[in-house]
Amino acid sequence: MNSQPEISVVVPLKDEAEGLKAFVATLQSQVSTAADTYECIFVDDGSQDETWRMLKELARSELRFKLLRLSRNFGKDAALKAGLDAATGRAIIVIDADFQDPPHLINEMVERWRNGAEVVTPVRRNRKRDSWCKRTSSKWFYKAFNRIADSEIPENAGDFRLFDRKILDALAACPEKNRFHKGLFNWVGYRNEYIEFDRPERAAGSSRWSYWRLWNYALDGIVGFSSAPLKISSYLGLVIAFGAFVYGLYLVVYTLLFGRDVPGYASIMVVLLFLGGLNLLAMGIIGQYLAQIFQEVKARPSYFVAEHVNVTEKSAQA
């Protein structure tokens, strides 16, 4: 147990008690087949059910299971960071506990890593199981993000992936608190290989990602990896200002040639409402960036560990 394991598996959880035993048994079976030495790091992100109690029971007879219970629900990316901070393996696998990230892909992922891949990313072949609204919004998010962001992210890929220790060291060098791991995994670069798979239904429970949470998550990702919205608002303001200048010249010339004309109330209201809406939009965009700056400047830790099992020492990480 003192030597470095070949594989570290990081599993963030919240209220997964219903299907936890089946998932842990399947995960251990797949990982033990893929690697001789491994560790599984389970991070309980403020579960309200029996998840933590069940994890402790499972860890009593398995020292390769490392458990972290956060002091409250800090969000999936914070829980993921906690697991990555505790990982000691030469390669790291991130996987969810709902069976939508199929554990049977682990063998192929590890094999590709051994053959030289530094990152192995499973991607869904399609999103037929999702609603039309979710498929459409996801499609437009990836298109918008990849067009304006500093680095592209593969469409239909989640956090489920394997990456080499050097990628984990690169992620540790990124000091931001508001972490969008889906973007960070690709931003650091390195050799990436992809595996296509058909995503199954959840084995138990239901997703806690509402449309509102997904929308805010997407905004955080775009703001964290691109300044394009600020540039767009600036260019839009410049275009409107130029248009207003040209229209002002037209009014001066028209008045000089044809005399004064009484402007229409409707046209004035349309222009005022349009410009007012653009101003509010620009202020909202600036506000998103200021909010992220505010969070970073406070420099609060991303999480606090309330309890740990089979981990020698663990403190709050910045």
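Glu6, Arg90 and Arg114 are joined in a network of salt bridges in this predicted model. Within that network, glutamate 6 pairs with arginine 90, and their closest N and O atoms are 3.7 Å apart. The two residues come from distant parts of the chain, 84 residues apart: glutamate 6 belongs to the segment before strand 1, and arginine 90 to the loop between helix 3 (76-86) and strand 4. Glutamate 6 is buried, because its relative accessibility is 12% and the limit for that class is under 20%. Arginine 90, at 39%, counts as partly exposed.

**Other salt bridges**

The whole structure holds 15 salt bridges. In general, side chains of opposite charge can pair when their charged atoms come close. Three of the pairs are set out below.

| Pair | Closest N to O distance |
|---|---|
| Glutamate 6 and arginine 90 | 3.7 Å |
| Glutamate 50 and arginine 53 | 2.4 Å |
| Lysine 56 and glutamate 307 | 3.5 Å |

The bridge between lysine 56 and glutamate 307 links distant parts of the chain, with lysine 56 in helix 2 (residues 51-59) and glutamate 307 in strand 8, 251 residues apart. Lysine 56 is partly exposed at 29% relative accessible area, and glutamate 307 is partly exposed at 25%. In the other tabulated pair, glutamate 50 has 39% relative accessibility and counts as partly exposed. Arginine 53 counts as partly exposed at 40%.

**Overall build**

The protein contains ten helices and eight strands. Of its 318 residues, 43% count as buried. Of the contacts between residues at least 6 apart in sequence, 81% join residues at least 24 apart. The accessible surface is about 17500 Å², and carbon and sulfur atoms account for 58% of that area.

**The sheet**

Eight strands make up an open sheet with mixed pairing, in the order 7-5-6-4-1-2-3-8. Strand 7 (192-197) and strand 8 (305-309) are at the edges; each has a single partner strand, so one side of each lacks a neighbour in the sheet. From one strand to the next, the twist averages 20 degrees.

Strand 4 (residues 91-94) and strand 6 (residues 161-164) run antiparallel and are joined by four bridges. Isoleucine 93 has leucine 162 in strand 6 as its bridge partner. Helix 6 (residues 165-172) packs on the sheet and touches strand 4, strand 5 (119-124) and strand 6, with its direction at about 90 degrees to that of strand 6.

Strand 5 pairs with strand 7 in the parallel sense, over six bridges. In this pairing, valine 120 stands opposite glutamate 193 in strand 7. Side chains in a regular strand alternate between the two faces of the sheet. In strand 7, Glu193, Ile195 and Phe197 make up the covered face, while Asn192, Tyr194 and Glu196 make up the uncovered one.

**Individual positions**

Glutamate 118 is located in the loop between helix 4 (106-114) and strand 5. Its relative accessible area is 18%, so glutamate 118 is buried. Beyond its neighbours within four places in sequence, glutamate 118 is in contact with residues that include Leu162, Phe163 and Asp164, together with Tyr190 and Arg191.

Valine 43, in strand 2 (residues 38-44), is buried with a relative accessible area of 0%. Its C-alpha atom is 4.7 Å from that of proline 12, although the two residues are 31 apart along the chain. Apart from neighbours within four places in sequence, valine 43 is in contact with Val11, Pro12, Leu13, Leu68, Leu70, Ala79, Ala82 and Gly83.

Aspartate 15 sits in the loop between strand 1 (7-13) and helix 1 (20-34). Most residues other than glycine have a negative phi. The phi of aspartate 15 is near 55 degrees, a positive value in a residue other than glycine. With 22% relative accessibility, aspartate 15 counts as partly exposed.

**A nonpolar surface patch**

Tyr247, Tyr250, Val252, Val253, Tyr254, Leu256, Leu257 and Phe258 form a nonpolar patch on the surface, and together they have about 910 Å² of accessible area. Leucine 257, one of these residues, lies in helix 9 (residues 228-258). Leucine 257 is exposed, because its relative accessible area is 61% and exposed residues are those over 50%.

Conventions. Residues numbered from 1 in each chain as written. Predicted model: local features only at pLDDT ≥ 70, side-chain atom pairs only at ≥ 80, totals over all residues. Heavy atoms only, no water. Buried < 20%, exposed > 50% of the residue type's maximum accessible area, 1.4 Å probe, protein only. Contact = heavy atoms within 4.5 Å. Areas by Shrake-Rupley, 256 points an atom, 1.4 Å probe, with all protein chains shown as cover. Patch = residues over 30% accessible without salt bridge, like charges linked within 9 Å, V, L, I, M, F, W, Y side chains within 5 Å. Salt bridge = Lys/Arg side-chain N within 4 Å of Asp/Glu carboxyl O. Pairing = 2+ DSSP bridges. Axes fitted to C-alpha atoms, helices over the stretch in contact; angles between N-to-C directions.
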